[in-house]
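Let's take a walk through this protein together. Have a look at the model first, and then we'll go through a few of its parts.

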Amino acid sequence: MREIHSLVTMSLRAVGPKTCDPEITFGGPRRVVKKDKKKDDTTCDDDDDDDVSITCPSPPPEPTLASRLLRSLRDNTTLPQKAYSGAGRPSAADVDLSHPWVLAAYPPRTSNLNAPLDTTDNGGSEILTIENGNHAVECLQQFIDALVESGQTGDTRLGVHFFREWVVAVIGEEAAKQLLEKGEGSSIDPPNKKRRRNVGEYSHLQLGSLSLHNLSLASIRTFKSMEMANVGMCLGTLDLTGAHGLTDSILTNVICGGSFPRIKRLSIKNCRKVTGKGLASLSKLTELTALDVGGCFNIHPNDVVLMIQNHPGTKTGKLNEIYAGGLNWTDVALESIIEETAGHLRGLGVGFSPYISGPMLILTLKRAASTLDRLSVPFCEGMDDAAASSLGRSLPKLAVLDVRGCSKISSLTGLMDGRGAAG
């Protein structure tokens with residue numbers, strides 16, 4: 001008899017027509033929900049749009065076939081870790097500075113975190129892999145990527161059942177059941193009744209990374225579905241780059257409304273409906289360590305500085321990475337952000353800023369020399385050979401430098417000589 005090998009990889013990239021509904025794939029056949037005429041607790045109305053009504057469905061009585069296959073992938077710890085090469089992210093420029101949002105070195109490191117990958121046979125052949133090496137999460141992430149690439153996302157295909165499956169993939173079936181038993185995300189505790197979650201109450205749950213990169217059709221339905229599915233209880237990294245449906249209201253009332261208390265890294269890059277009002281609400285994400293708001297042209301540098309001043313993570317040193325290229329930074333605004341973060345700032349992005357001068361780059365960034373290891377200043381006219389040489393000497397911990405489009409830099413010799421002189 002021919003041996004049938006164990007399942008190693010399952011792909012959901014065959015997205016199919018719009019009638020191929022992930023909500024049925026993971027939730028089973030649609031069931032009629034009986035509504036209470038006096039009060040319908042399963043319906044969540046969006047405050048901004050009276051026409052939007054979102055129903056929170058009950059989980060299926062038994063996991064579907066696709067769910068069982070995914071859960072078997074999650075529990076299989078004998079598989080070798082596979083390198084993750086997300087289609088649609090061909091370069092590090094898509095998310096600032098080496099796309100630090102969903103990838104991690106494997107095996108995990110305890111030191112030399114910024115060192116290049118060791119791919120030699122003697123060094124153990126390090127690879128980049130999806131965080132936690134979770135094949136079920138990787139499969140669901142590739143499915144989202146496929147929807148985006150095929151242009152068949154819509155605002156209903158990623159619903160509550162899909163995101164519930166993502167939660168199970170991250171924390172396991174038992175932990176997900178316990179969340180439902182507590183009333184989280186069910187009709188017992190509808191998400192329109194806001195309450196502040198205690199971060200410590202869920203600190204034992206594993207954190208996952210979710211990328212909705214370029215999901216331009218994501219709407220209030222998508223984010224409410226995430227909320228109802230308890231995604232926020234185990235979400236540590238959220239990439240919303242290019243999610244043009246993200247608004248101030250969604251950011252303030254859903255993401256920063258108390259249901260996503262554990263977010264550590266957030267990218268809202270190129271989300272151009274977000275303004276300073278929505279950015280100010282990020283002070284409620286008390287666990288936030290890294291933020292990317294590059295390309296949000298309705299946000300002013302002063303809005304970023306004000307948010308940093310008001311964020312509790314600034315005083316504790318927890319908020320240590322700020323990427324805000326394309327906002328027309330000035331010398332004064334750059335000085336303000338360094339003044340607020342000096343002593344704990346690890347990553348900074350202020351690219352596409354023609355008003356930043358070379359001397360101010362040198363003077364201000366020296367104050368962050370003890371901690372700064374990632375710097376992104378592409379297309380900054382003030383960045384020239386003299387500034388590069390000086391920064392090479394004054395920033396000894398710098399491991400990642402982005403100077404694309406800095407036409408006044410004619411050679412990297414000064415930069416390398418400066419690093420050599422700094423030891």
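Before we start, one bit of vocabulary: when the angle between two axes is under 35 degrees, the pair counts as roughly parallel. Keep in mind, too, that what you're looking at is a predicted model.

Now find helix H6, residues 220–228, and helix H7, residues 248–255. Their axes come within 11 Å and cross at roughly 10°. That angle falls under the cut-off of 35 degrees, so H6 and H7 are roughly parallel to each other. Which residues make the contact? On the H6 side they are Ile220, Phe223, Lys224 and Glu227, and H7 brings Ile250, Val254 and Ile255. Sorted by class, this contact has 5 nonpolar residues and 2 charged ones, with no polar residues.

Next, move along to helix H12, which spans residues 358–365. Is H12 mostly covered or mostly open? Mostly covered: 6 of its 8 residues are buried. Those buried residues are Gly358, Met360, Leu361, Ile362, Thr364 and Leu365. As for what lies over them, the cover includes two helices, H11 (331–341) and H13 (385–394), along with strands S10 (347–349) and S11 (374–376).

Finally, how confident is the predictor? The protein's mean pLDDT is 79, and 71% of its residues reach 70 or more. Some stretches score lower: over residues 1–10 the pLDDT is below 50, and this stretch has 12 contacts in the model beyond near neighbours in sequence. Residues 35–51 also have a pLDDT below 50, with 24 contacts beyond near neighbours in sequence.

Conventions. Residues are numbered from 1 along each chain as its sequence is written. This is a predicted model: local features need pLDDT of at least 70, side-chain atom pairs count only at pLDDT 80 or more; totals for chains, interfaces and linings use all residues. Side-chain values use heavy atoms; hydrogens and water are left out. Buried means under 20% relative accessible area, exposed over 50%, partly exposed in between (1.4 Å probe, protein chains only). Helices (H or I, at least four residues) and strands (E, at least two) are DSSP runs, numbered from the N terminus. Contact means heavy atoms within 4.5 Å. Axes are lines fitted to C-alpha atoms, for helices over the stretch in contact, and angles run from 0 to 180 degrees between N-to-C directions. Angles under 35 degrees count as roughly parallel, over 145 as roughly antiparallel, 65 to 115 as roughly perpendicular and the rest as oblique. Ala, Val, Leu, Ile, Met, Phe, Trp, Tyr, Cys and Pro count as nonpolar, Asp, Glu, Lys and Arg as charged, and the others, Gly among them, as polar. pLDDT is the predictor's confidence in each residue, from 0 to 100.
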